[in-house]
Amino acid sequence: MNAPRLEIDLDKILHNARILVARLGNRGITVTGVTKACLGSPEIAALLIRAGVSGLGDSRIENIEAMRQAGIEASMTLIRSPMLSQVDRVVRHADVSFNTELEIINKLSSAAQTAKRNHGIVLMVELGDLREGILPRDLEKTVHETLRLPRVELLGIGSNLACRSGVSPDAENMAELSRLADSIATSIGTKLALVSGGNSANLQWALSGADSGRINNLRLGESILLGRETLHRRVIDGLHSDAITLIAEVIESKTKPSLPWGEISQNAFGEIPEASDRGEICQTILAIGRQDIDPSGLQPPPGIEILASSSDHLLVHSASHSLPVGAELSFQLDYGALVRSMTSPFVTKVMKTTAIPDAQVSP
Ligand SMILES: *Cc1c(COP(=O)(O)O)cnc(C)c1O
């Protein structure tokens, strides 16, 4: 088979998605399935819909267009603020977008009028992580300005935490989002349809049994694909953390000194690597590199240690045995490594199924 490749177990992802949909459903929270880490893969999108998500979300309009082209019919939300230069594509292909800038909402309204389509708006609120979001003090004004615009519909509000600064979703900031939802509902005289609390980092809060207040939606990507919550990267009870595996092929295998020789300056990435003398070691080169993965996000199999990497080479040390040329090694990936390998055209994506009986799929 082609190497390098990502082996994606669709049944394990389906299982993860179903369990999260069921557990959050018990708490009155719907799940938006986030497809950006798999580049809007229609197979994974279809599986998320089978698992019962309320809609799909992606940060790139290109991925949404790809899913539309593949015939995926779910409601689709652009979960990053649209670029002014893309508003026409956004109103044509996405049903909803997350927004923080009135100038962009204005342009979405004009584009929606031209396309004779309605477009849903979710206003993102800043709750402390300092990525996207309208400051709470400016929210009400933005709400009223949005309501005046033709062909855009205010669906609700949302927040995103733990992405830039690592601010954890907790009872306090989620209660603030609920309070804001209440005060807007009072001010406009109607309840907001959607209050989207956050991403996979919200699971600890959402499943803790705490009052979820007005929050009725989470947007989940990583926890579905990798089976982990994202505050501490712990495996979520009952979920598969090995649904996706990266396989790479050995192209050199030699016993070499562990210390380089010659004068040491910068390497290809501007770093001056430090090496320690361990005598001669089994050094193996795999045909994959930083262009395809984030090497720090790879977990090698037992007995294998990652030594270094360049654009096209991953160097590992095998303590126990030498790996012949042509042998394959599999790695588990973190989110960063996953996103980069999904995006690399040099990494083949192989979707497979292991047919987990449905009986096992109970929350
Ligand atoms: C990526 C993203 C998500 C999904 O985050 P995960 O950690 O993968 O669950 C949700 N919301 C927004 C705005 C995002 O950018």
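User: In this predicted model, how far does a backbone N or O atom of G221 lie from an oxygen atom of the ligand?
Analyst: G221 is one of the residues that surround the ligand. In the predicted model, the partner on the protein side is a backbone N or O atom of G221, and its distance to an oxygen atom of the ligand is 2.8 Å.

User: Which residue has a side-chain N or O atom 3.4 Å from a nitrogen atom of the ligand?
Analyst: Among the residues that surround the ligand are R131, N160 and G221. The side chain of R131 places an N or O atom 3.2 Å from an oxygen atom of the ligand, so with polar contacts taken as N or O pairs within 3.5 Å this pair falls inside the cut-off. The residue whose side-chain N or O atom is 3.4 Å from a nitrogen atom of the ligand is N160.

User: How much area do domain 1 and domain 2 bury between them?
Analyst: The domain assignment gives domain 1 as residues 10–226 and domain 2 as residues 244–351, and their C-alpha centres lie 37 Å apart. Contact between them involves 12 residues of domain 1 and nine residues of domain 2. Carbon and sulfur atoms account for 78% of the buried area, whose total is about 880 Å².

User: Which residues of domain 1 lose the most area to domain 2?
Analyst: The area in question is the part that the domain 1 side buries against domain 2, and three residues together make up 49% of it. Those residues are A37, L39 and L226.

User: How many salt bridges does the rule find across the interface of domain 1 and domain 2?
Analyst: Between the two domains, the count of residue pairs in polar contact, with both residues at pLDDT 80 or more, is zero. The salt-bridge rule, applied across this interface, likewise gives a count of zero.

User: Which element gives the largest share of the side of domain 1 that touches domain 2?
Analyst: The elements that give two or more residues to this side are α1 (10–25), α2 (42–51) and α9 (222–226). By class, the side has eight nonpolar, one polar and three charged residues. The largest share is three residues, and the element that gives them is α9.

User: How many residues apart are R5 and E328, whose pair links distant parts of the chain?
Analyst: Side chains of opposite charge can pair when their charged atoms come close. The structure holds 14 salt bridges, and in one of them the side chains of R5 and E328 meet at 2.9 Å, N to O. R5 belongs to strand β1 (residues 5–9) and E328 to strand β15 (residues 328–333), which puts the two partners 323 residues apart.

Definitions and conventions: Residues are numbered from 1 along each chain as its sequence is written. This is a predicted model: local features need pLDDT of at least 70, side-chain atom pairs count only at pLDDT 80 or more; totals for chains, interfaces and linings use all residues. Side-chain values use heavy atoms; hydrogens and water are left out. Domain bounds come from an automatic or database domain assignment. Contact means heavy atoms within 4.5 Å. Buried area is the accessible area (1.4 Å probe) that two parts lose on being put together, summed over both. A salt bridge is a side-chain nitrogen of Lys or Arg within 4 Å of a carboxyl oxygen of Asp or Glu. A polar contact is a pair of N or O atoms within 3.5 Å; within protein, one must be able to donate a hydrogen and the other to accept it, and residues adjacent in sequence count only if both atoms are side-chain atoms. Helices (H or I, at least four residues) and strands (E, at least two) are DSSP runs, numbered from the N terminus. Ala, Val, Leu, Ile, Met, Phe, Trp, Tyr, Cys and Pro count as nonpolar, Asp, Glu, Lys and Arg as charged, and the others, Gly among them, as polar. A residue is near a molecule or strand if one of its heavy atoms lies within 4 Å of it.
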